[in-house]
Amino acid sequence: MQELLKEALSTGKPVVALLMNGRPLALAWEQEHVPAIMECWQLGIEMGHAVADVLFGAYNPSGKLSCTFPAVTGQCPRYYNHPSTGRPVKELKAFQKVQLAPGEAKTVLLSVEKRDLGFYNDEMEYLLEDGVFIFYVGGNSKDCMEQEIVLRF
């Protein structure tokens with residue numbers, strides 16, 4: 001596949017790599033060299049129309065990728081909110097999809113209750129623990145505003 005991509009990139013024309021697979025792939029070379037990569041998974045019989053709509057700007061996908069891609073083949077998978085310690089790092093607790101026109105701004109109110117900040121222990125008991133909680137707000141889990149709050153239950 002890299003040889004085909006190298007040939008396509010050498011033309012100077014815009015290149016988009018379309019991935020049609022059932023699991024995350026190690027794509028270090030592609031990530032470094034290909035300006036756009038679109039994960040299509042296995043979309044079914046309407047895949048061609050869906051991909052064309054995205055590529056030509058008729059539709060702007062707004063979903064977030066819920067899995068990680070390995071840096072190298074054989075890397076252990078990383079899961080959404082479970083680091084190697086077994087405790088959550090970041091969890092999605094409030095969400096609102098907001099459509100904005102170019103240049104438009106909106107105020108969005110999100111509510112997180114104390115009961116939403118618990119977790120299940122090894123005995124499947126739901127616990128609420130005192131501690132420091134960091135709230136993040138943004139369009140993704142990396143580029144966001146944050147506020148640290150100390151809570152007592």
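Start by selecting Leu5, Val15, Ala17, Trp29 and Val34, the five residues that make up the largest nonpolar core of this predicted model. With the core on screen, centre the view on Leu5 and display its surroundings: leaving aside residues up to four places away in sequence, Leu5 touches Val15, Ala17, Trp29 and Val34, and it also touches Glu30.

Next, show helix α1, which spans residues 2-10, and pick out Glu3 and Lys6, which are three residues apart in that helix and are therefore separated by about one helical turn. Between Lys6 and Glu3 there is a salt bridge, in which the closest N and O atoms are 3.6 Å apart. The two partners can also be coloured by accessibility, since Glu3 counts as exposed at 55% relative accessibility, while Lys6, with a relative accessible area of 37%, is partly exposed.

How many salt bridges does the structure hold? There are two, and to see the other one you should select Lys93 and Glu91, whose side chains meet at 2.8 Å, N to O. Both of these residues are labelled partly exposed, Lys93 with a relative accessible area of 33% and Glu91 with one of 31%.

Move now to Phe69, placed in the loop between α3 and β3. Although Phe69 and Pro24 are 45 residues apart in sequence, a C-alpha to C-alpha distance drawn between them reads 5.1 Å. Which residues does Phe69 touch, if those up to four places away in sequence are not counted? Its contacts are Pro24, Leu25, Leu27, Glu39 and Trp41. Phe69 counts as partly exposed, at 28% relative accessibility.

From that list of contacts, step across to Trp41, which is found in the loop between β2 (36-39) and α3. The backbone deserves a look here, as phi of Trp41 is near 50°, a positive value in a residue other than glycine. For context, most residues other than glycine have a negative phi. The relative accessibility of Trp41 is 27%, and so this residue counts as partly exposed.

Return to the loop that runs between α3 (47-55) and β3 (119-120), and select Thr107 within it. Is Thr107 buried or exposed? Thr107 is exposed, with a relative accessible area of 73%. If you then add Val89 to the selection, you will find that the two residues, 18 places apart in sequence, are separated by 27 Å in space, C-alpha to C-alpha.

Continue along the chain to the loop between β3 and β4, where Met124 lies. Met124 is another place to inspect the backbone, because it is exposed, with a relative accessible area of 60%, and has a positive phi of about 65° although it is not a glycine.

Keep Met124 selected and add Tyr120, Tyr126, Leu128 and Phe153, since together these residues make a nonpolar surface patch of about 540 Å². Among the members of the patch, Tyr126 lies in strand β4, which covers residues 126-127. With a relative accessible area of 39%, Tyr126 is partly exposed, and a residue needs over 30% to be eligible for such a patch, so Tyr126 passes that cut-off.

For the last stop, display strand β5 (residues 131-138) together with strand β6 (residues 144-151), which pair in the antiparallel sense over eight bridges. The two strands form a hairpin, with five residues between them. To follow the pairing residue by residue, begin at Gly131, whose bridge partner in β6 is Leu151. While the strands are in view, it may help to recall that in a regular strand the side chains alternate between the two faces of the sheet.

Notes: Residues are numbered from 1 along each chain as its sequence is written. This is a predicted model: local features need pLDDT of at least 70, side-chain atom pairs count only at pLDDT 80 or more; totals for chains, interfaces and linings use all residues. Side-chain values use heavy atoms; hydrogens and water are left out. Patches are made of residues with over 30% relative accessible area and no salt bridge: like charges are joined within 9 Å, nonpolar side chains (Val, Leu, Ile, Met, Phe, Trp, Tyr) within 5 Å. Accessible areas come from the Shrake-Rupley method with a 1.4 Å probe; for residues, only the protein chains shown count as cover. A salt bridge is a side-chain nitrogen of Lys or Arg within 4 Å of a carboxyl oxygen of Asp or Glu. Helices (H or I, at least four residues) and strands (E, at least two) are DSSP runs, numbered from the N terminus. Buried means under 20% relative accessible area, exposed over 50%, partly exposed in between (1.4 Å probe, protein chains only). A nonpolar core is a set of buried Ala, Val, Leu, Ile, Met, Phe, Trp, Tyr and Cys residues joined through side-chain atoms within 4.5 Å. Contact means heavy atoms within 4.5 Å. Two strands pair if DSSP finds at least two bridges between them.
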